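This report looks at the pocket and the nonpolar interior of one protein model. The structure is shown first, and the description follows.

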Amino acid sequence: MAVTNRRPWRSAALAGLGGAITIAPLAAVQLSDLAASLIPPFGASCVLVFGAPASPFARPRNVVGGHLISALMGLIAVAIFGPGVVGIALGVGLAIAAMMVTDTVHPPAGANPIVVAFMQPSWLFLALPV
């Protein structure tokens, strides 16, 4: 007898609903270029949090800490090296290393230094919207 790993419809519906509710505030303020740039990494976070909640990458510590640390590394790299190739590359590299050292690895957060380089937000980016 074959064993299937089908996810129950109810779980899938709840995961989808959770993702939609989480992304709605960002989409509602899409007039801001910053909000539009954050939708992709936060959308990927929703996949982990709501679609694979047992994953270590979906732990609250990883989601919040990963996004904060990754954004910080992006801000530092862009402040030192500018928003070009070097700033982006080092921002992502530093973010990965810092998340690993702090045990807050959250793969979608790896996009934050790229968002920082493209949008060049102020240091307040760490508090709002991250």
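In this predicted model, the largest pocket has a volume of about 230 Å³. Its lining is made up of 13 residues, among which Thr22, Phe42, Ser45, Val63 and His67 are the closest to the centre of the pocket. By class, 10 of the lining residues are nonpolar and 3 are polar, while none is charged.

The three helices in the table each supply at least two residues of that lining, and H2 gives the most, with 5 residues.

| Helix | Residues |
|---|---|
| H1 | 9-28 |
| H2 | 33-51 |
| H3 | 60-81 |

His67, one of the residues closest to the pocket centre, is found in helix H3. Because its relative accessible area is 4%, under the 20% cut-off, His67 counts as buried. The side chain of His67 also makes a polar contact, at 2.7 Å, with the side chain of Ser45, which is likewise listed among the residues closest to the centre of the pocket.

The largest nonpolar core holds 13 residues, of which Leu38, Phe42, Val116 and Phe125 touch the most other members. Two or more residues of this core come from each of H1, H2, H3 and helix H5 (112-119). A second, separate core consists of 6 residues, including Ile69, Ala95, Ala98 and Met99.

Which residues does Val116 touch, if those up to four places away in sequence are not counted? The contacts of Val116 are then with Ala71, Gly74, Leu75, Val78, Pro121 and Phe125.

Methods:
Residues numbered from 1 in each chain as written. Predicted model: local features only at pLDDT ≥ 70, side-chain atom pairs only at ≥ 80, totals over all residues. Heavy atoms only, no water. 1 Å grid on protein atoms, 1.4 Å probe; cavity = no way out; pocket = protein on both sides within 12 Å on 5 of 7 lines; lining within 4 Å. Points joined across faces, edges and corners; volume = space filled by probe spheres on them. Helix = DSSP H or I, 4+ residues; strand = E, 2+ residues; numbered from the N terminus. Nonpolar A, V, L, I, M, F, W, Y, C, P; charged D, E, K, R; others polar. Buried < 20%, exposed > 50% of the residue type's maximum accessible area, 1.4 Å probe, protein only. Polar contact = N/O pair within 3.5 Å; in protein donor to acceptor, adjacent residues only side chain to side chain. Core = buried A, V, L, I, M, F, W, Y, C linked by side-chain atoms within 4.5 Å. Contact = heavy atoms within 4.5 Å.
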